[in-house]
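Open the model in your viewer and keep the selection panel at hand. The tour moves from one selection to the next.

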Amino acid sequence: MSADVPLEGPARGVSGAADAGSAYTWERSFRLWDTYFALIWVATLVFVLGAGRPGWPARAVAAALLALLIPLFVGVGRPLLRQDPSDERRALVYLTAALALFLPSAVLVGETRLMTFALVPQCFMTLRMRWALVAVAVINFAPVIGWALLWWPSDEDVFFNVLFAVVTFVFSAAVGGWVIRIIEQSQERAALITELDASRHEVARLSTAHGALAERERLAREIHDTLAQGFTSLVMLIQAVEAELDHDLPEARRHLRLMDETARQNLAEARALVAGGTPADLDGASLPDALGRLAVRHDAALEVTGPVRTLPAGPEVVALRACQEALANARKHAGSSVAVGVSLAYADDMLTVSVRDEGPGFDPAAVRGGYGLAGLRARAVEVGGTAEVRSAPGDGTVVTVRLPVVRRETP
């Protein structure tokens with residue numbers, strides 16, 4: 001705390017729970033101050049009344065002045081000390097009134113100076129450092145000077161009283177400065193705790209927002225790779241049926257059956273998406289079986305190589321979704337009459353799914369926007385894999401997804 005910061009109750013700059021906690025702590029500690037001030041006042045009164053000199057009238061006047069300090073402290077000083085921050089102008093008025101009662105009694109009866117131990121802390125609690133030091137100097141030295149001028153004691157008594165005043169002043173300044181530095185550190189820690197608490201809430205808010213965004217992206221990928229692709233297939237099948245109704249009823253009926261199967265598959269995918277479970281194609285089936293049904297729906301050929309085995313759900317779901325996206329794109333851009341092939345390769349530590357078509361191809365560097373290929377790559381990256389698209393105008397397209405897998409050791 002700088003010399004301009006008063007020593008006072010709850011640490012400044014603290015809000016919310018920190019305010020409540022520090023206010024409660026100050027409330028409890030202030031009861032100790034009440035007890036301390038009361039004990040100092042009682043002890044001073046006892047010393048004044050029990051002093052051997054001066055005479056009884058002077059001691060009675062000093063006791064009466066000390067008694068007036070009680071209502072002054074209860075009515076003005078105590079509420080002022082409990083303020084955060086204290087009103088320095090009111091504090092100066094209060095301490096001036098307190099000194100007006102203390103100094104005459106301390107001049108009349110030297111034992112009254114014991115009250116110094118109750119007044120000095122109030123100076124540091126209500127005033128800035130420089131004003132507090134001025135008030136402490138007055139409290140320590142003015143009574144000694146007035147007492148010496150009034151009673152003309154011996155040189156020895158004056159020396160010891162001056163020495164006592166100097167020691168008390170130095171002690172008060174040292175302890176006051178030390179306490180103020182402690183309060184400064186406490187206030188800095190309180191401010192830091194408040195800042196950390198605000199940062200923690202901000203991190204929690206950002207984490208929640210990030211989680212919501214990630215969930216929206218996941219749902220967008222799922223809807224794009226399942227429902228949207230299914231509806232696209234239905235639209236293409238409807239167009240095919242409309243063209244075949246007049247001259248090729250058997251093929252139209254076949255496409256109608258594919259429409260029925262696609263619609264049922266879309267309904268199953270929607271239910272699985274709502275339930276957050278396994279994709280409908282993989283429910284109770286192996287990955288080659290799921291890709292086989294998917295290939296049939298898109299008139300594609302499936303080739304499986306390597307030792308087929310059960311893999312963790314993550315790579316299998318990514319492989320299935322990648323195949324769905326690649327097949328839908330092949331039929332959408334290459335046409336329904338172009339040959340499409342799907343290959344699924346099992347290796348010791350890698351699962352590879354590849355979809356190739358003999359369509360017109362395109363320039364991958366020229367692709368802007370769109371969600372399909374970006375979502376496909378994002379899925380692969382999530383499980384530590386890669387997605388590659390190789391194509392050129394007039395040279396067809398090959399989409400290859402490689403996914404790392406852990407081979408399960410059999411005992």
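Buried means under 20% relative accessible area, exposed means over 50%, and partly exposed is what lies in between. Arg 78 has a relative accessible area of 24%, so it is partly exposed. Keep that scale in mind; this is a predicted model.

**Whole chain**

Start with everything shown. The protein has 10 helices and 5 strands. It counts 411 residues, 41% of them buried. About 22,100 Å² is exposed, and carbon and sulfur atoms supply 64% of that area. Take the contacts between residues at least 6 apart in sequence: 69% of them join residues at least 24 apart.

**Stop 1: Asp 34 and Arg 78**

The structure holds 9 salt bridges. Select Asp 34 and Arg 78 for one of them: the closest N and O atoms are 2.5 Å apart. Asp 34 sits in helix H1 (residues 17-50) and Arg 78 in helix H2 (residues 56-82). The two are 44 residues apart, so the pair links distant parts of the chain.

**Stop 2: helix H4**

Select residues 116-126. Which part of this helix is buried? The answer is 10 of its 11 residues, so H4 is largely enclosed by the rest of the structure. Among the buried ones are Leu 119, Val 120, Cys 123, Phe 124 and Met 125.

**Stop 3: the nonpolar patch**

Switch to a surface view. Pick Leu 92, Trp 131, Val 134 and Val 138: they make a nonpolar surface patch of about 320 Å². Helix H5 (residues 129-151) gives the most to this patch, with 3 residues. Val 138 is in H5. Its relative accessibility is 31%, so Val 138 counts as partly exposed.

**Stop 4: Trp 152**

Move on to the loop between H5 and helix H6 (155-244), where Trp 152 is found. Most residues other than glycine have a negative phi. Trp 152 has a positive one, near 45°. The residue is exposed, with a relative accessible area of 68%.

**Stop 5: Asp 299**

Now go to the loop between helix H8 (287-297) and E1, and select Asp 299. Here too phi is positive, about 55°, although Asp 299 is not a glycine. The residue is partly exposed, at 41% relative accessibility.

Add Arg 254. Its side chain meets that of Asp 299 in a salt bridge (3.5 Å, N to O). Arg 254 lies in helix H7 (residues 249-275), so the pair ties together parts that are 45 residues apart in sequence. Arg 254 is partly exposed, at 26%. Add Glu 251 as well: Glu 251, Arg 254 and Asp 299 are linked in a network of salt bridges.

**Stop 6: the sheet**

Show the strands as a cartoon. The 5 strands form an open, mixed sheet in the order E1-E2-E3-E5-E4. Its edges are E1 (301-305) and E4 (386-391), each pairing on one side only. From one strand to the next, the twist averages 10°.

E1 pairs with E2 (residues 340-346) in the parallel sense, over 5 bridges. Select Leu 302: its bridge partner in E2 is Val 342. Then add helix H9 (residues 313-334), which packs on the sheet and touches E2, E3 (350-357) and E5 (397-404). The direction of H9 makes about 10° with that of E3.

**Stop 7: Arg 402 and Glu 388**

End on the sheet. The side chains of Arg 402 and Glu 388 meet in a salt bridge, 3.4 Å from N to O. Arg 402 lies in E5 and Glu 388 in E4, so the pair ties together parts that are 14 residues apart in sequence. Arg 402 is partly exposed at 35%, and Glu 388 is partly exposed at 33%.

Technical notes:
Residues numbered from 1 in each chain as written. Predicted model: local features only at pLDDT ≥ 70, side-chain atom pairs only at ≥ 80, totals over all residues. Heavy atoms only, no water. Patch = residues over 30% accessible without salt bridge, like charges linked within 9 Å, V, L, I, M, F, W, Y side chains within 5 Å. Areas by Shrake-Rupley, 256 points an atom, 1.4 Å probe, with all protein chains shown as cover. Salt bridge = Lys/Arg side-chain N within 4 Å of Asp/Glu carboxyl O. Helix = DSSP H or I, 4+ residues; strand = E, 2+ residues; numbered from the N terminus. Buried < 20%, exposed > 50% of the residue type's maximum accessible area, 1.4 Å probe, protein only. Pairing = 2+ DSSP bridges. Axes fitted to C-alpha atoms, helices over the stretch in contact; angles between N-to-C directions. Contact = heavy atoms within 4.5 Å.
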